[in-house]
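Trainee: I would like to learn how to read a structure like this one. Could you take me through it feature by feature?

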Amino acid sequence: SESTNEFIGQILNARYLILDYLDHGTFCRVYMAYDIQCDKFYAIKIMNIDAKIEGQAEITYLKRFISSHRIIKIFDDFIYQDHLCMVLELMGIAVIDLINSVDPTDPKFTKLVKTVIRDTSTGISELNRKLLIHTDLKLENIMTDILTVRQKKIIKTVKDLNIQECRRIFYNKKIENNSFNWLGTDTKNKLRDELEDIAQVDQEPSLEGRQLLMVLSPLKKKS
């Protein structure tokens, strides 16, 4: 829908490229994002505009568990278009989906259930030690680090595009000139030519305000 796709393709806080919609909650939407500065993938929770108080409270709580291995980690937070945003570690499928994918008669099922109970209990204990209570604990809200097939495909696509190489060329020029004024027609064409060894241009470069827009796709490997 329009609301879930609203941020896809946008770069938040000058570094987080929104790649895909993941899920939503009462006060937020969650997206998969790529950090073009650090070459890492994250989940970004974008709070509804009227949910800043709830979001700020969650940020405060999460920062108390930055060293935990059982509670999701927060790496950054910022405001984007009046939305409070949190950069979180990227998680995969929910426990409910993982359990449903295993035959209950398979010996692995019992081992899986024991692991879920142990890890969840550890997380609850960490919350209790800080006098906090999880008010919406259910299998749908317990996440694993097993990425979905879709997430893996997206990561592979980004890696194949070699975005870091494109970023190096783009930002080196920006730093040298300390502005976006160098993006004249001749220079934009030169940038396009410099990328021809790693990608083909599906849409010619164009300057939209302070942003350079150019659509690339990876070159097909020769057999």
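Mentor: We will go through the sheet, the helices, the cores and the salt bridges in turn. Keep in mind that this is a predicted model.

Trainee: Let's begin with the sheet. In what order do the strands of the open sheet stand?

Mentor: The general idea comes before the case. Strands of a sheet pair through backbone hydrogen bonds, either parallel or antiparallel. Here, 6 strands make an open sheet in the order β1-β2-β3-β4-β6-β5, and the pairing is antiparallel.

Trainee: Which strands stand at the edges?

Mentor: Those are β1 (11–12) and β5. Each has a single partner strand, so one side of each is left without a neighbour in the sheet.

Trainee: How many bridges join β5 to β6?

Mentor: There are 6 bridges between β5 and strand β6 (residues 83–89), and the two run antiparallel. You can follow the register residue by residue: D76 has V87 of β6 as its bridge partner, and Y80 stands opposite H83 in β6. The hairpin of these two strands, β5 and β6, has 2 residues between them, and Q81 takes a positive phi near 50 degrees there.

Trainee: And what does β6 do with β4?

Mentor: β4 and β6 are also antiparallel, joined by 5 bridges. One partner pair to look for is A43 with L88 in β6.

Trainee: Is β6 largely enclosed or open to the outside?

Mentor: Count the buried residues to decide. In β6 they are 6 of the 7, so the strand is largely enclosed by the rest of the structure.

Trainee: Now the helices. Which strands does α1 touch?

Mentor: α1 packs on the sheet and touches β4 (40–47), β5 and β6. The direction of α1 makes about 30 degrees with that of β6. Compare α4, which lies across β2, β3 (28–35) and β4 and runs at about 175 degrees to β2.

Trainee: Which residues of α1 are buried?

Mentor: G55, I59 and L62 are buried in α1. They cover an arc of only 70 degrees around the axis, which puts them on the same side of α1. The cover over the buried residues of α1 includes β4, β5 and β6.

Trainee: Next, the interior. Which residues touch the most other members of the largest nonpolar core?

Mentor: That core has 27 residues, and L19, M32, Y34, F41, M86 and I163 touch the most other members. The elements giving two or more residues to this core are β2, β3, β4, α1, β6 and α4.

Trainee: Could we zoom in on one of them, M32?

Mentor: Gladly. Leaving aside neighbours within four places in sequence, M32 is in contact with residues including L17, L19, F41, L90, I154 and I155. There is also a second, separate core of 13 residues, and I18, Y31, Y42 and F78 are among them.

Trainee: Finally, charges. How many salt bridges does a search of the whole structure find?

Mentor: Side chains of opposite charge can pair when their charged atoms come close. In this model the search finds 10 salt bridges. One of them joins D20 and R150, with the closest N and O atoms 2.6 Å apart. This pair links distant parts of the chain, as D20 is in strand β2 (residues 16–24) and R150 is in helix α4 (residues 149–161), 130 residues apart.

Trainee: Is D20 buried or exposed?

Mentor: D20 is buried, with a relative accessible area of 8%, whereas R150 counts as exposed at 54%.

Trainee: Which other salt bridges should I look at?

Mentor: Try K63 and D77, whose side chains meet at 3.1 Å, N to O. K63 sits in the loop between α1 (52–62) and β5 (74–80), D77 in strand β5, and they are 14 residues apart. Both count as partly exposed, K63 at 49% and D77 at 26%.

Then look at D119 and R70, with 3.2 Å from N to O. D119 lies in helix α3 (residues 107–129) and R70 in the loop between α1 and β5, so the pair ties together parts that are 49 residues apart in sequence. D119 is partly exposed at 22%, and R70 is partly exposed at 41%.

Trainee: Which residues do salt bridges with shared partners join into one network?

Mentor: R70, R118 and D119 are joined that way.

Key:
Residues numbered from 1 in each chain as written. Predicted model: local features only at pLDDT ≥ 70, side-chain atom pairs only at ≥ 80, totals over all residues. Heavy atoms only, no water. Salt bridge = Lys/Arg side-chain N within 4 Å of Asp/Glu carboxyl O. Helix = DSSP H or I, 4+ residues; strand = E, 2+ residues; numbered from the N terminus. Buried < 20%, exposed > 50% of the residue type's maximum accessible area, 1.4 Å probe, protein only. Pairing = 2+ DSSP bridges. Contact = heavy atoms within 4.5 Å. Axes fitted to C-alpha atoms, helices over the stretch in contact; angles between N-to-C directions. Arc of directions from axis to C-beta. Core = buried A, V, L, I, M, F, W, Y, C linked by side-chain atoms within 4.5 Å.
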